[in-house]
Amino acid sequence: MTTMTASPSSAAHDIQVVTLKIDDQEVSASRNQTILQVAAENQIEIPTLCFMPGLKPMGSCRICLVELAGSPRLFAACVTRVSEGMTVITDSPRLRKYRKQIVELLFVERNHVCSVCVSNGRCELQALAVKLGITHITQPYRYDKMVVDSSHDLFRLDHNRCVLCTRCVRVCDQIEGAHVWDVAGRGIDCRITADLNLPWGDSDVCTSCGKCVHICPTGALTEKGTAVAEMRKQPDFLPYLTIMRENH
Amino acid sequence: MTPEELGKLAAKEQKARSACKHRVNVCCAAGCASMNSDKIKDDLQSAIKEKGIADQVQVRSVGCMGLCAAGPLVSIESEGKSVMYKGVTDGDVSEVVESLEGKPIERLNLPTDMPFFARQEKIVLENCGVIDPERIEDYIAVGGYAALIKALTEMTPAGVVGEITRSGLRGRGGAGYPTGLKWGTVAKSPAREGRKYIVCNADEGDPGAFMDRSVLESDPHRVLEGMAIAAYAVGATHGFLYVRAEYPLAIKRLKRAISQAQKIGVLGANILSTTFSFNLEIRLGAGAFVCGEETALIASIEGNRGQPRPRPPYPAEFGLWGCPTLINNVETFANIAPIVDRGFRWFASIGTDKSKGTKVFALAGKIENTGLVEVPMGIKLRDIIEDIGGGIPDGGKFKAVQTGGPSGGCIPKQYMDMPIDYESVKEAGSIMGSGGMIVMDESSSMVDVAKYFMEFCKSESCGKCVPCRVGTAQMYDLLEKIHKGEGASDDLAMLESLCELVSQTSLCGLGQTAPNPVLSTLRYFRHEYLELLRDGQKELAAAGADKGKDGAV
Ligand SMILES: Cc1cc2nc3c(=O)[nH]c(=O)nc-3n(C[C@H](O)[C@H](O)[C@H](O)COP(=O)(O)O)c2cc1C
Ligand code: SF4
Ligand code: SF4
């Protein structure tokens, strides 16, 4: 009978723990973690917008871009996995400049006049702008006119406030399992759409669970009957999304 | 079918060919077909029958002969001699038939020794315009599927990968990624649930590009053979051809080619009586440019919305349904059989140090000979424009050539003597791209060109990521404002800062390269922008003072 002795070479591909550097801080991580997860565990904050723990990350808002030493490219922290010896830079003048510009593009894309929004004071886009030190807008506004869908009994969708983060799309599909929402159109004409382009109230599959409303970072999805600054999102269930998804 | 039987088929086909005194080839690719070349072929056939010489003359429809501007094209090979006729119409049919036994028709003659033909070097297009794309026997007669036999019977999969690696072939889909390296990665990636895939990217969405289309329409088996060899090399058993739905003729010919290949046993189970099996399916793209991006293409084949996802992981490790997937361009696959057949040394002897082989270009715009050309890498831009292209028509003067489509840039006249290879073109501020080449003369406005491509990117952006979705729309508006003469230097500064943002932060290649047409025209023709600005005079005067700095390359 032979006994199995572990040798470093046979174990090499099984090693699950890596060490890396994030902003001069040495950290250890499990190999299948993302940069964003590891940074959060180590109290290093990387700004995000489309990211939501428990939903599949998209890497689409580009706010969480970080630099990796040795690469001219930028990487979205929410989708990039750590690797041994990696050196991550989460904050630099270049990154700060780009993050500001990207948020500014969101502000000019649609109407985000906070003073008349039901989510004023409780909006992630607004908070992000404050955090990044955006005090004014330099780009010309687009403000394409968009409709408000009030056909649902309980909720309202205001396209003018949507930043196309697709959190609503993902929570409805990946957690609630109803898949009411989708993105229609291309480029600047993209819109969130219910079922196959129906008014939300006519959707056959919407369970009125409200998850999309409370996961929406802005005043795009809200409860009816709320006036300026009155909308209170109920984020209590958000920390459990990962568990909900695993139980699916 | 066994390799021996395939050899016999080739011999039989060659014999039938040489028994004919004259072979009349009528181009029936999209360009000539749009001028009714199908009917000309039918008329020729019946005229020959009427004359009672049908047993000596073979009339066939063949694929693209390249000089699309002079179509419909007819070439005649008679006992070693060949003539080519241009602009053939219904009315010329009887005269053409008469000329078979007499002198060539002066009026229609297209000299085959003109630089357009003589300066080209054909590998990818060598069968185009020579064989009938609808007959597998024609392909086999010119040595088709011999490379597949060689790979399957004489080489190991790793040997095939090594051959491609050493040939120096780089991807022809735009970025020029080393093909052998990609094959090696897929070969080494462990299969997922026993599966790996091969995908041929035939989405060809660049405005003005039709290289891939011509190959598929004129020589579809070449692509199938390349894919089968790739499948053997990387260990895949299933493949997809992703073809844009706007190419109905290419799709029809591919379908026919696949069923012929299955029938004869060069596709399907136990290919050429070996243990290797490979099945191919066609998938149609619905015309979104972004679906040519490899991760969007994968999403589209899987039945999802065609939008890119961040890489890594790359498709080579995590592609279709999470399985290792090899994605190559049509032209890349079309290079495979000749490399395997003739060996890597032969291929590596063509081209430059870092760019091997040939490249197919679609010549368009202000140039005498528009059409498809294949040239060795490293050829001078001047040779393409002046010799092969025949220069600028109507006594016009060359201003710039746009390469790489919406991801590329404009190369001005001081680069006329630059060799065309991946690195040089990049250094000049453009990219090789998939092979579009639009020639512009002095009358073209560069701001206009930049605006045109930005409009394209803006409407083709998938909208997933913020910088590309909003940034391209903002850049387009700024370009329009400047173009109308309403812009100021602030607008130009904003345009430049958006160019940086969008290129650095966009998720996929579409956004990352969308600013290129603006950046390259700004680099060489900044004065054209300044002249349009309300307050451009000052900078213009300053630029005038050190004129020649950038111009003297
Ligand atoms: C927006 C975009 C469009 C593309 N379109 C095409 C295309 O139409 N055909 C193609 O072969 N490659 C296209 N590509 C490149 C592919 O992503 C991929 O790199 C290529 O198919 C790989 O093949 P190759 O290595 O043989 O070049 C495109 C890339 C981007 C970013
Ligand atoms: S509606 Fe809200 S959650 Fe949905 S995409 Fe728009 S901003 Fe995001
Ligand atoms: S760069 Fe443009 S095309 Fe690519 S993912 Fe972003 S929005 Fe879509």
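Contact here means heavy atoms within 4.5 Å. The model is predicted, so local features need pLDDT of at least 70 and side-chain atom pairs count only at pLDDT 80 or more, while totals for chains, interfaces and linings use all residues. Residues are numbered from 1 along each chain as its sequence is written, chains are lettered from A and ligands numbered from 1 in the order in which they are written, and side-chain values use heavy atoms, without hydrogens and water.

**View 1. Surroundings of B:Q402 in chain B.** B:Q402 belongs to strand β11 (residues 398–403) of chain B; strands are DSSP runs of E with at least two residues, numbered from the N terminus. B:Q402 counts as buried (under 20% relative accessible area, 1.4 Å probe, protein chains only) because its relative accessibility is 1%. A polar atom of its side chain lies 2.9 Å from the backbone oxygen of B:G405. Leaving out residues up to four places away in sequence, B:Q402 touches nine residues' worth of neighbours, including B:G408, B:C410, B:M437 and B:F453.

**View 2. Shell of ligand 2 in chain A.** Among the residues around ligand 2 (a heavy atom within 4 Å) are A:C162, A:C165, A:C168 and A:C216. By class, the shell has 10 nonpolar, two polar and no charged residues; Ala, Val, Leu, Ile, Met, Phe, Trp, Tyr, Cys and Pro count as nonpolar, Asp, Glu, Lys and Arg as charged, and the others, Gly among them, as polar.

**View 3. Shell of ligand 3 in chain B.** Of 13 residues around ligand 3, those that come nearest are B:C462, B:C465, B:C468, B:C508 and B:G511. The shell divides into eight nonpolar, four polar and one charged.

Technical notes:
Helices (H or I, at least four residues) and strands (E, at least two) are DSSP runs, numbered from the N terminus. Buried means under 20% relative accessible area, exposed over 50%, partly exposed in between (1.4 Å probe, protein chains only). A polar contact is a pair of N or O atoms within 3.5 Å; within protein, one must be able to donate a hydrogen and the other to accept it, and residues adjacent in sequence count only if both atoms are side-chain atoms.
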